[in-house]
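User: Please take a close look at the open sheet in this chain and describe how its strands are arranged and covered. I would also welcome a connected account of how the rest of the fold is put together around that part.

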Amino acid sequence: MGVRYGLFMLWISYLVCGGALLFGRGFLLSREARVERTKCQPYQHIPCGPLESGHSGSEHGCTPRQRLASLALDLNSSNRACPPARAKVVVLLIDALRFDFAWTNLDSEPEPDAPSYTNRLPAITRMLRQQPKRSRLYQFIADPPTTTLQRLKGLTTGSLPTFIDVGSNFATPEINEDNLIDQLVSHGGKAVLLGDDTWAQLYPKRWLRSLALPSFNTWDLDTVDNAVKARLPEELEKKDWQLLVAHFLGVDHCGHRYGPLHSEMVRKLTEMNQVIEDTLQTLDNDTVLFVIGDHGMTITGDHGGETDAEVTAAMFMYSPYDLMSPPELLSPRTVRQVDFVPTVSSILGLPPPYSNLGAIILNSLPFSGDSNIPFNDWQFALINLWANVKQVTKYIQHYSLISDQFPIEKIDSIEKKFIILSHRVQSIYNERAFYSFATDAREFLIDVRSMCQEVWIQFDSFSMSRGLLMIFLTIFFCYMIVDGIPPERFPEIFQSSYLLYSYGAMFFAVLFSVGCYYFSLIERLGLTILFSTGVVSVFMLSMLVIQNWEVISQNWYETTRRKDWVDLSARASLAFSTCALFSNSYIVEEGAVLSYLLLSLLVVLSYSSGIPKILYPLLICTATPLAASRFYKVCREEQGECYYKNEDTGQTSPMHLVTGLASLALLVILTRLWLRSCGNLVSHDAILWRYAPTVAAVCTGGYWVASWSPHKVSWRADSIARLVFGILAVSIIVLIIKPLSIFVLPKQNDSVSVYGQDNIVPQLFNQMKGLFNKHSLNNKRQANTPVVYGLATVYSAAFVMLTVCVTLLISLVLGARSAPSIILLFATGASMLAMLAVNRYHTSTSLAQLLTVDNCSIQCWVLLSVYYFYGTGHQAALSSIQWGAAFVGTGGHFTFNAVPAILVIANTFGAQFLAGLCIPLLVLAPFPMFVMWGHPSRHSSKVDIQRGELMLYERETMLMAAMFSTSTKYILFHSVRMFVCMLAATVHCRHLMVWKIFAPKMIFEGISLMITLIAVLISYFILLRIHSRLSVFIAKLNRES
């Protein structure tokens, strides 16, 4: 029966994870960043004649003009040469410059009721009127998400952003993909930066000069802009750079603070107009000006999503020479932001970056003012356009080899089109043929980008909807089953063929999906399997609910009549803590709120128990470590002074070592005293449990000291850490193989020395055969009845040992600074278990009630696990991940990537894993408490549990049903949090903070849920293992007696 319960929980876990994965597939799109670089040799190094002619590039008398002429002779050559630069480039990046901020209808007068920001950039309008052949204005379309960092990546790499790029929007890590800045520097060029410090963090140490200013304070409209305006004229006068970037933030900050319709926006746009005017007057004859916006803004001034107002920015260009004027098809008024990259690369004489997906904007290429260039401007454009086509094709071909994200038929189509273009490019001898070829080449580049957009950019609303629906229906039906059906009905349900039919239906759903994939009816086999098995599973769950609807409705009716205020408080706590996840402010402050909710529930529980005088001391014991854990919490960047106050607390101090070592010592000593008092360390087989935790704790302390020491002993520290891992791994394996920590005292005529006999062992049980065989025994047989140590706590002792090992492991990866926090979790959980056990023991009138864990207790445990995620020094932000855990015991040398991943997960989600492992103790807690302390109050309970946990072996059906109900509800409560996080991310997908707060929160909650599922399933199957070994032991005892 126990195995069937486990299979049902495994099924539910699969459905919950499947729903989360389906949603994540639609919301969190992924792209693997490539580190390859596009290369081209300077044109001064190329041969004078055709490359296949054998001429050497070092020929004497070969002029630069002759070398340039040879560029057009063999465009398909693998040795691509860099064409000469056309001009220097100045980029004035006005953050959040919407297109309608810059655009004015030149053919009509502004309307009287036009928005206040209309026609506030007359410098652009004037140049479009006076110099139409030298100036351009485009709708500059950004790829969502429209956050500044992702837009800067797009404007320099030409790639499309995904969540991997998005998740660190405010952490601004250094870019390792090929990009415009690195290409310029590697070819001997110089770049200057003024403004937003995001550029300096993305590209550190690349700038000839930089004035990088902080950009986080969105209420400051002028500080950055004033500094840039003061420095810009000075830099424009200098001639030692090829690229100048000036990033203004005032318009964006004004939008966030006031919105686009406020008078402050008029002021900021007027300032930007003056900057543009002054820059145009200062430009020399070999410099091109770009005025661009990285994204737009909504009517409320926000951005981050994919509405037209958010993705439509402006790009204005001015050149001292006339610009190319190709046919209308090649002169678009709307361009993509990724097109900016190959266009600027061509002007600067650079190859397009390796990951670029943009297409050169031909009518933005300036005519050459250099008479030494031996070919026409259309030939110059052809050289750059073909380099663009080859680069994009090469990138897609290489990426398709390492990823199956692209459909095979589309890759084949792209390769065929490229082959056709490669044949045509060699037969272009006039401008008309070039424009025909350029039209097809541009369509080719657009097709490639569209394919990538389908995979990387657009939210897959269908997958998101399926995931949301799947996880919601799973939670809904499962809760009706475990909360509505009485536990005594569970054996009848699960002994039937219901589970067999359910697993069989899922198996046929998998076969059906594989068949559809085989006949090419579907493209993504994995997603189809998840969805089809989910549909079948939800149908089977609904059938179970329908079959038992009468029982469910009757049970819930009786529950509502009782008006259990404690249960209502638990439900209200769950509703508040989940619904509040729609608020970004709540997510930022969730750690503090969760501790308040947890203590509030415990106070309600104590007050309504009828024995507050007993529970209040336990409440204080619970609240004390909970309050102490606040010293180990870290702050998010949004929390202002708190964040900066904790910035410099990354180093381990001697005080941290002392507190860490002291906490480990207390953990080992107190748990060992408990197990000895329960009689679970008496056996000779328990020698590992007597000494392994102590040795592991000592070695952990040694590792901390060796790591902290200024001497170079890192290899020794790593060896110590590996020793700790080994000790704890062996201990856990031995526990699983031999989970019984009991000892049978030899017969009285045998002489034996019993470990611990000098100490008082309060519970020494004479387990008589009559406990298992109700027949009377004669005196002779009674004299030979075996005496067994530790049988009254046989279940709970194994879990205490297991949690000690896991706590020591987590302490090691947390480090000396944060290790006491996981010990505080252990202490808080132990005190809470005692409190909940005493309350249940006092209020229960039967063993079934004693084994039933109420919703309030489960909700308290959920709040405890979630709170200590924050209490162990973590936040739901990618920047808060403690990557140093990956180096514990590894020294940074990883044979398998799984090893550092497991270490980081253990560091980050150790609290949730530990709480999940302790779920069986929620059910078992009253029994060891009574064994150790007897009746907790003067009021005697109607439940006799003097035999401790041995009673649970005799009531196997009742034990397994209670464990199943408690474990499943715990899973469902966590699943509700995950569902709400998914829903919040969907609702706020266009919110400014979606990629900073809501999406990371959903990611962390999803990983936390999976860790919780693993821990709960492990704990349940370990319980089954204990029960199985106990059955073998008692059968053997019966035979020998």
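Analyst: Val91 faces Val245, a residue of strand β7, across the pairing. In this predicted model, the two strands concerned are β3, residues 88-94, and β7, residues 243-248, which run in the parallel sense and share six bridges. They belong to an open sheet of eight strands, ordered β6-β5-β7-β3-β8-β9-β4-β10, with mixed pairing. Its edges are formed by β6 (209-213) and β10 (334-336), each of which pairs on one side only. From one strand to the next, the twist averages 20 degrees. Helix α9, residues 223-237, packs on this sheet and touches β3, β5 (191-196), β6 and β7. The direction of α9 makes about 160 degrees with that of β7.

On its other side in the strand order, β3 is followed by β8. These two strands also pair in the parallel sense, over six bridges, and Lys88 has Thr287 in β8 as its bridge partner. The mixed character of the sheet appears at the following pair: β8 and β9 (residues 312-318) are antiparallel, with four bridges between them. Here Ile292 is bridged to Met315 in β9.

Strand β8 itself, residues 287-292, is mostly covered, six of its six residues being buried. In a regular strand, side chains alternate between the two faces of the sheet. For β8, one side carries Thr287, Leu289 and Val291, while Val288, Phe290 and Ile292 lie on the other, and all of these are buried. Both faces of the strand are thus covered.

The wider chain may now be considered. It contains 40 helices and 13 strands, and buried residues account for 56% of its 1041 residues. Of the contacts between residues at least 6 apart in sequence, 80% join residues at least 24 apart.

In soluble globular proteins, nonpolar side chains tend to be buried together. The largest nonpolar core here has 195 residues, and the members that touch the most others are Phe8, Phe27, Leu541, Tyr795 and Trp861. Helix α40 (residues 994-1040) supplies the largest share of this core, 22 residues. Beyond four places in sequence, Phe27 touches Phe459, Met464, Ala985, Cys989, Val994, Trp995, Ala999 and Met1002. Another core, of 75 residues, lies apart from the largest one and includes Phe140, Met317, Ile428 and Cys452.

Leu541, named above for the largest core, also takes part in a helix pair, being one of the α20 residues that meet α19. Two packed helices are described by the angle between their axes and the distance between the axes. For α19 (residues 498-518) and α20 (residues 525-547), the axes come within 9 Å and cross at roughly 150 degrees. Because angles over 145 degrees count as roughly antiparallel, α19 is roughly antiparallel to α20. Their crossing is right-handed. The α19 side of the contact includes Tyr498, Ala505, Met506 and Tyr517, and the α20 side includes Leu525, Ile529, Val536 and Leu544.

A final detail concerns Tyr616, which is located in helix α25 (residues 612-628). Tyr616 counts as partly exposed because its relative accessibility is 36%. Leaving aside neighbours within four places in sequence, Tyr616 is in contact with Ser606 and Tyr607. Its C-alpha lies 8.2 Å from that of Val603, a residue 13 places away in sequence.

Conventions: Residues are numbered from 1 along each chain as its sequence is written. This is a predicted model: local features need pLDDT of at least 70, side-chain atom pairs count only at pLDDT 80 or more; totals for chains, interfaces and linings use all residues. Side-chain values use heavy atoms; hydrogens and water are left out. A nonpolar core is a set of buried Ala, Val, Leu, Ile, Met, Phe, Trp, Tyr and Cys residues joined through side-chain atoms within 4.5 Å. Buried means under 20% relative accessible area, exposed over 50%, partly exposed in between (1.4 Å probe, protein chains only). Contact means heavy atoms within 4.5 Å. Two strands pair if DSSP finds at least two bridges between them. Axes are lines fitted to C-alpha atoms, for helices over the stretch in contact, and angles run from 0 to 180 degrees between N-to-C directions. Angles under 35 degrees count as roughly parallel, over 145 as roughly antiparallel, 65 to 115 as roughly perpendicular and the rest as oblique. A crossing is left-handed if the near helix is turned anticlockwise from the far one by less than a right angle, and right-handed if clockwise.
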